[in-house]
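Here's a quick walk through a protein model, starting with the whole chain and then zooming in on a strand and a helix. Keep the viewer open while you read.

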Amino acid sequence: MRRQAVRLDRGWSAGDRSGSSSEVFPARVPGAVQTDLARFGKIPDPYRGEGHRAALRLAERDWAYRLDFASPFGGDYPYLDLVFEGLDPFARVFLNEAEVLEAQNAFRSYRVPVAGRLRPGENRLEVWIDSPLKRGRELERRWGRHPAAIGDPARVFVRKGAYQFGWDFAPPIVPLGIFRPVRLEAYHGRIAELWPRARLEEAAIEVVLQSRGAGDRFEVLLFSPEGALLARAEAAAGSARVRLPVARPRLWWPRGLGPRPRYRVVARLYQGATLLDELERRVAFRDLRLRRKPPESGEKHFYFEAGGVPFFAGGANWVPLDPFPHRFTRARYHRRLAAAAWAGVRLLRVWGGGVYETEDFYDLADRLGILIWQDFMFACAAYPETPEFLAEVEAEAREQVRRLRHHPSLLLWCGN
């Protein structure tokens with residue numbers, strides 16, 4: 001049976017865990033405590049007047065989200081996973097009163113196996129979110145003060161958008177909540193990794209695959225930018241690598257320099273003749289290079305080439321659309337990116353004080369031919385180098401690089 005997923009986005013409630021109030025209110029997921037309470041008139045609009053001050057006071061408290069739900073999946077699936085795409089730190093997740101996850105990083109997603117923990121009838125899911133301000137200050141006392149040029153110094157201990165703590169363009173609000181979707185996945189086997197790599201010099205697309213659970217073979221299909229089937233390959237399930245030849249590869253060019261064809265790669269996981277899972281990615285052939293001279297040469301060259309020809313970047317800095325990430329939508333991304341393209345921008349630097357943007361952002365950049373200089377999320381501060389902190393940063397970096405690496409618009413990673 002094919003992998004199934006159900007979003008858990010209805011029926012949530014939230015309340016104050018810090019003793020300030022016993023009131024429980026209906027909560028939106030994805031969402032934030034501040035936008036929920038503003039919606040009910042409990043605090044002013046955070047965007048108007050001094051409304052951000054009331055929103056910031058809420059970030060000094062601890063909160064709890066709760067959802068009672070019946071699992072739509074019976075005993076037909078051996079694997080059941082709870083998937084959180086975006087949780088504010090510092091979060092603890094309980095399923096039927098048993099702790100199943102402790103999350104400390106808003107720049108990561110989390111997958112929790114829960115097959116043995118779901119009940120046949122009603123289940124209770126709770127998410128406790130501690131105040132990032134209080135926890136950040138506790139870590140500051142423990143690890144020592146780290147200078148920050150802007151924003152609350154405690155922010156450097158919290159893996160969360162630095163701009164949310166206040167910046168020159170953003171009020172200090174520190175939103176907290178479940179800001180991206182939550183879903184329950186059921187499967188016999190799933191595709192855990194699909195990485196297509198366009199290799200121009202080999203005139204081929206190499207596809208790296210991994211599966212989890214059941215499944216005995218992969219099928220990989222390659223389609224032209226117009227949708228015609230170009231190649232097909234099979235491989236044993238588990239960890240596999242296949243090569244799909246492309247006659248006369250067509251190049252993807254930055255905006256204003258040429259067309260932007262993308263090839264579609266579809267991967268399927270089978271057990272015998274039964275389809276268990278299917279994923280797809282779009283990928284492109286590029287000829288983009290960074291040119292620079294070594295310091296000892298005495299010359300200062302740092303520029304990019306497309307097809308061997310230097311081009312003017314026309315660059316700009318990208319900051320998040322909104323203090324509240326659950327308000328990022330494809331329509332809002334499109335308006336801003338289309339305006340950037342109209343203004344002559346060919347390269348956007350995703351600034352390290354913001355967030356790693358959603359898939360919609362990078363897909364639109366691919367379509368519009370806007371190159372992305374991608375910062376890792378560090379900005380204007382000295383950061384801790386404790387083993388605990390570095391472990392979180394490594395896990396975050398691995399996830400984000402894997403998530404974004406197939407996008408032709410992704411030009412450069414910057415450590416910041």
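What follows covers the overall build, then one strand with its partners, then one helix and its surroundings.

**The whole protein**

First off, this is a predicted model. The protein has 6 helices and 24 strands. Its radius of gyration is 23 Å, close to the 22 Å that the globule rule gives for 416 residues, so the protein is as compact as a globular protein of that length. If you line the C-alpha trace up along its principal axes, the spans come out at about 65 × 60 × 40 Å.

How much of the protein is buried? Buried residues account for 51% of the 416 residues. As for contacts between residues at least 6 apart in sequence, 69% of them join residues at least 24 apart. On the outside, the accessible surface adds up to about 19,000 Å², with 48% of that belonging to carbon and sulfur atoms. There are 65 positive and 52 negative charges, and their mean positions sit 4 Å apart.

**Strand S10 and its partners**

Now find S10, residues 182–187. This strand is mostly covered, with 6 of its 6 residues buried. Val182, Leu184 and Ala186 point one way from the strand, while Arg183, Glu185 and Tyr187 point the other way. Charged or not, they are all buried.

Which strands pair with S10? Both S1 and S5 do, as the table shows.

| Partner of S10 | Residues | Sense | Bridges | Opposite Glu185 |
|---|---|---|---|---|
| S1 | 4–7 | antiparallel | 4 bridges | Ala5 |
| S5 | 79–84 | antiparallel | 6 bridges | Asp81 |

Glu185 makes a handy landmark here: alanine 5 stands opposite this residue from S1, and aspartate 81 does so from S5.

**Helix H5 and what packs on it**

Next, jump to H5, residues 359–368. Is this helix enclosed or open? Of its 10 residues, 7 are buried, so H5 is largely enclosed by the rest of the structure. The buried ones are Phe361, Tyr362, Asp363, Leu364, Ala365, Asp366 and Leu368. That list includes two aspartates, Asp363 and Asp366.

What do those buried residues pack against? Their neighbours are three strands, S21 (316–318), S22 (347–350) and S23 (371–375), along with two helices, H4 (330–342) and H6 (387–404). Just past the end of H5 you'll come to glycine 369, which takes a positive phi of about 75 degrees.

Notes
Residues numbered from 1 in each chain as written. Predicted model: local features only at pLDDT ≥ 70, side-chain atom pairs only at ≥ 80, totals over all residues. Heavy atoms only, no water. Buried < 20%, exposed > 50% of the residue type's maximum accessible area, 1.4 Å probe, protein only. Pairing = 2+ DSSP bridges. Rg over C-alpha atoms; globule rule 2.2 N^0.38 Å. Contact = heavy atoms within 4.5 Å. Areas by Shrake-Rupley, 256 points an atom, 1.4 Å probe, with all protein chains shown as cover. Lys, Arg positive; Asp, Glu negative; His and termini not counted. Charge placed at Lys NZ, Arg CZ, Asp CG, Glu CD.
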